[in-house]
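This report describes one protein chain for a reader new to structures. Look at the sequence and the 3D view below before reading on.

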Amino acid sequence: MKSISLGCLSGLALCAAPALAQDTVLKNDFLVNGGTVAIQAGFIAREAGVSLFRMPASPAGQFQVKRVLIFWKSLFPPPGAAPVIQDSVSVWLPLGGPNGTRPQNRIFESDPPQLIDGFLNEFPFEQMNPPILVNAGSNFFAGLVFSEPPNPFAGPSLVTDTAGCQPGTSWVLDNGITWTDLCTYRDFLGRPPSGTFVIRVVVAPYVVPQPLCFVDFNNDGFLTQEDLSGFLTAVLDESVPPGPSGTNRNPCPAALPPYGTLGYAADYNRDCTFNQEDLSGFITEYFGQTEQPSGCVPG
Ligand SMILES: [Ca+2]
Ligand SMILES: [Ca+2]
C-alpha cells in the first residue's frame, strides 16, 4: 500500500521551501493572486491533467524537478470541499524526442497526493532518490493523475486560468488512454476551455553529489601524504585540535567549547569522542584509498 504525501498550502504565492537563486519557476498560466480561475471538473478515474514545460537551456546538462505546484479548487465557499487523495503527481517525457510536444513516457509517479481546496498545493520532490532529471532545453510534462472523479458541478478539481486556451500547453489523458490537447474540448455550449492549467514546477540545475573523502584531513580536495601526517600530528597533539577538518566538521553540542560548535578535527567515526577507534579507522581508510581511490582524489 502506498503512503500519502501532503501538499503544503499557499495562497497563490510560493511557500515553504525558500526559493534559491538557482531555482526557476516554470508556468504557462497567467493567474495572479486573487485572480479568476475556471474549474475543470470533467475528469474520471485514471485520467490525468498535465502541463507542458521546457527546461532552461543553460547551464548545459541536466535539470532537476524540485517541486510541482497544482492549484486545486471547488465552487464551495471557504473552507471549501474536504481534502481529496488522488492517484499521483507524475512527470512524463515527450513523444518523438526532447522537443516533442505530446506526453508519452512517464518517468516519475509519486505516492498518492492529498490536495487541499483553494490552494496552490505544493509537492516537494527534491529529496527523491533517484532525482527527477530532464536534460537542459528539453520538454517535459507534469501534472495530476486522478483516482476518483471530481463532483462534475462543483469540484474540487484542476483549474485553468481565464487568459484563453493556449494550444499544446495543457493535455488530458483521455479515458486514461489517449493524450488529448485540452483546447480541443468543448463545453455544452460549444465553447473551448477558458485557459491553460494552473500547474507549475520549480526546477534547478542538477549538481551531481560528490563522494566524501573523510581522509582528506586538511580539506584541500586531494589525498596526499600531508593528510596522514596532519592526522597523526592531531593524534599526538595533546591539545586535541578542534574542527572543522576534512575528516570531521560535525558540531558536538554536548561537548565543552570549542568542540560544542566545531567538533573534533580527528574524530574520524564522527561519534564526538576522540580515541583509538578514530586512529585505526583513519589509517585503514587512508591506505585503502591510496591503493584504490573511490571517494578521494589522489594528489
Ligand atoms: Ca588533503
Ligand atoms: Ca570518534
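Helices are DSSP runs of H or I with at least four residues, strands are runs of E with at least two, and both are numbered from the N terminus. The model discussed here is predicted.

**Overall shape**

The protein chain contains three helices and 16 strands. Along its principal axes, the C-alpha trace spans about 85 × 45 × 35 Å. The radius of gyration of the protein chain is 26 Å, while a compact globule of 299 residues would have one near 19 Å. Of these 299 residues, 37% count as buried. Contacts can also be sorted by their distance along the sequence. Among contacts between residues at least 6 apart in sequence, 73% join residues at least 24 apart.

**The six-stranded sheet**

In which order do the six strands of the open sheet stand? The order is 8-7-12-4-14-15, and the pairing is antiparallel. Strand 8 (103–109) and strand 15 (178–181) each have a single partner strand, so they stand at the edges and one side of each has no neighbour in the sheet. On average, neighbouring strands of this sheet are turned by 30 degrees against each other, direction ignored.

Strand 4 covers residues 48–54, and six of its seven residues are buried, so the rest of the structure largely encloses this strand. Strand 4 pairs with strand 12 (residues 139–145) in the antiparallel sense, over seven bridges. Strand 4 also runs antiparallel to strand 14, and three bridges join the two. The residue S51 appears in both pairings: its bridge partner in strand 12 is A142, and in strand 14 it stands opposite S170.

Strand 14 consists of residues 170–174 and pairs with strand 15 over four bridges, again in the antiparallel sense. Here L173 stands opposite W179 of strand 15.

**Backbone features in the loops**

Most residues other than glycine have a negative phi, and most peptide bonds are trans. The table lists four places in this chain where the backbone departs from that pattern.

| Place | Backbone feature |
|---|---|
| S58 to P59 | cis peptide bond, omega near 0 degrees |
| P257 to P258 | cis peptide bond, omega near 0 degrees |
| N175 | positive phi, near 55 degrees |
| C272 | positive phi, near 65 degrees |

Where do these residues lie? P59 is in the loop between strand 4 and strand 5 (62–73). P258 belongs to the loop between helix 1 (225–236) and helix 2 (259–262). N175 sits in the loop that runs between strand 14 and strand 15. C272 is part of the loop between helix 2 and helix 3 (276–291).

Is N175 buried or exposed? A residue counts as exposed if 12 or fewer other C-beta atoms lie within 10 Å of its own, and as buried if there are 20 or more. N175 has 11 C-beta neighbours inside 10 Å, so it counts as exposed. C272 has 17 other C-beta atoms within 10 Å, and therefore it is partly exposed.

Terms used
Residues are numbered from 1 along each chain as its sequence is written. Chains are lettered from A and ligands numbered from 1 in the order in which they are written. This is a predicted model: local features need pLDDT of at least 70, side-chain atom pairs count only at pLDDT 80 or more; totals for chains, interfaces and linings use all residues. Two strands pair if DSSP finds at least two bridges between them. Axes are lines fitted to C-alpha atoms, for helices over the stretch in contact, and angles run from 0 to 180 degrees between N-to-C directions. The radius of gyration is taken over C-alpha atoms; the globule rule is 2.2 Å times the number of residues to the power 0.38. Two residues are in contact if their C-beta atoms, placed from the backbone, lie within 7 Å.
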